[in-house]
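Good morning, colleagues. Please take a moment to look at the sequence and the structure before I begin.

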Amino acid sequence: MSTTYRICLLPGDGIGPEITAEAVKVLGAIGAREGVGFEFAEALLGGIAIDETGTALPDATLEAAHAADAVLLAAIGGPKWDTTDPDKPRPEQGLLGIRKALGLYANLRPVKLFAPLAGASTLKPEALEGVDMLIVRELTGGLYFGERAREYDVPEAGVGGAAGQRAYDTMEYREFEVERIARVAFEAARTRRGRVHSVDKANVLESSRMWREVVHALHAAEFGDVELVDQLVDNTAMQLIRWPAQFDVVVTENMFGDILSDEASMLTGSLGMLASASLGDGTALYEPSHGSAPDIAGQGIANPLAMLLSVELMLRHSFAMHDAADALSSAIEGVLAEGWRTRDIADEETPAERVVDTAAMGDLVAGRLGRA
Ligand code: NAD
């Protein structure tokens, strides 16, 4: 009997439905090629969920997500639902709510340079040669979730002993939180080039010293085949620009990962090409890094490639279909190498007849998968 994977689709708002249609098309081609089935359950999230049910994350959506083998989210939000009224529902509540409900503690963001798009980066093409890294960011701990407070009228806090304010945030990690994110990184490295950079600030921070010890203990116990490199976060920020090809997998705490992944995203030069995976102990969620692009919604010109790269991540991490994921990646690369572009990644050298719409880009990728 052939395998069937159940995918919960959350098209969301703006260009979401348009790029979701291309993901379904491409998954059809992959299913046919690999002899597996994909079953889709579509659910509401974000603005459209607010319009239809009054809440950004309906219970039925959570049930569909929990019941699925993986969740594929396009994008949510738009000016229609922008509000400063704290009593009104907001699309982002759907996104944060589903991440929390699924316990997604590991955020994976691959930064891969597609050679035909090398000119899109602000860095020199020779500095970008061989860039292909995966940033593994801890997503539910650290500075963003630690104890915080702001106090007013604190005595003798201001200049000259006057009362002033005091504020603090706490970077806290438990051993198990570090171990589980390090495990994700080591396991990912085994399917890639076998190297992990563990990024911390162990020369200053106690939480980083524990981070380093835990990562090394796990490495010694279970992942001796993977190369482990410790790097201080300030050095990593510099190395990402100096010699980005040295990185295979980078694992780091929540805030460091937030900052470094934005820095690294600029190596590719294009928002329309970045995918992400959020993993926990249960169902994982995959989504492009861009938003709902309300300015171009409904025009059929959105770039579906970040969504298709999110499908690649889903094949790898939820279904262990590494050959299919490689084939999808090659198909995208092949289409770009032939010069095909959606409008956002076209430049003045792109001939008009090579600028295609959303559906045509999906057809080109699906067609290559079918031919292979
Ligand atoms: P955005 O990423 O939606 O758009 C920024 C610019 O990039 C726009 O000019 C847009 O047309 C373009 N763009 C984005 N994706 C594209 C694609 N696939 N193809 C072609 N062009 C693309 O960011 P924004 O304008 O700041 O936000 C718009 C809405 O999206 C807001 O409501 C915001 O809250 C929401 N948002 C959602 C997510 C998410 O769902 N994860 C992430 C970021 C922003």
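I shall speak first about the ligand site and then about two helix pairs.

Please bear in mind throughout that this is a predicted model.

Let me begin with the surroundings of the ligand. The ligand has 19 residues around it, and those that come nearest are I76, G291, A293, D295 and N303. Sorted by class, this shell consists of 9 nonpolar, 6 polar and 4 charged residues.

Which polar atoms of the protein lie close to oxygen atoms of the ligand? For G291, a polar backbone atom is 2.7 Å from a ligand oxygen. D295 contributes a polar side-chain atom, at 2.8 Å from an oxygen atom of the ligand. In E92, too, the atom concerned is a polar side-chain atom, and its distance from a ligand oxygen is 3.3 Å. As for coverage, the ligand on its own has 800 Å² of accessible area, of which the protein covers 67%.

I turn now to the helices. Helix α6, residues 175-190, packs with helix α7, residues 206-222, at an angle of about 50°, and their axes are 9 Å apart. That angle makes α6 oblique to α7. The crossing of these two helices, α6 and α7, is right-handed.

The second pair is formed by helix α11, residues 322-337, and helix α12, residues 358-371. Their axes come within 9 Å and cross at roughly 125°. Helices α11 and α12 are therefore oblique to each other. Here as well the handedness can be stated: α11 passes α12 in a right-handed crossing.

Thank you for your attention.

Notes. Residues are numbered from 1 along each chain as its sequence is written. This is a predicted model: local features need pLDDT of at least 70, side-chain atom pairs count only at pLDDT 80 or more; totals for chains, interfaces and linings use all residues. Side-chain values use heavy atoms; hydrogens and water are left out. A residue is near a molecule or strand if one of its heavy atoms lies within 4 Å of it. A polar contact is a pair of N or O atoms within 3.5 Å; within protein, one must be able to donate a hydrogen and the other to accept it, and residues adjacent in sequence count only if both atoms are side-chain atoms. Accessible areas come from the Shrake-Rupley method with a 1.4 Å probe; for residues, only the protein chains shown count as cover. Ala, Val, Leu, Ile, Met, Phe, Trp, Tyr, Cys and Pro count as nonpolar, Asp, Glu, Lys and Arg as charged, and the others, Gly among them, as polar. Axes are lines fitted to C-alpha atoms, for helices over the stretch in contact, and angles run from 0 to 180 degrees between N-to-C directions. Helices (H or I, at least four residues) and strands (E, at least two) are DSSP runs, numbered from the N terminus. Angles under 35 degrees count as roughly parallel, over 145 as roughly antiparallel, 65 to 115 as roughly perpendicular and the rest as oblique. A crossing is left-handed if the near helix is turned anticlockwise from the far one by less than a right angle, and right-handed if clockwise.
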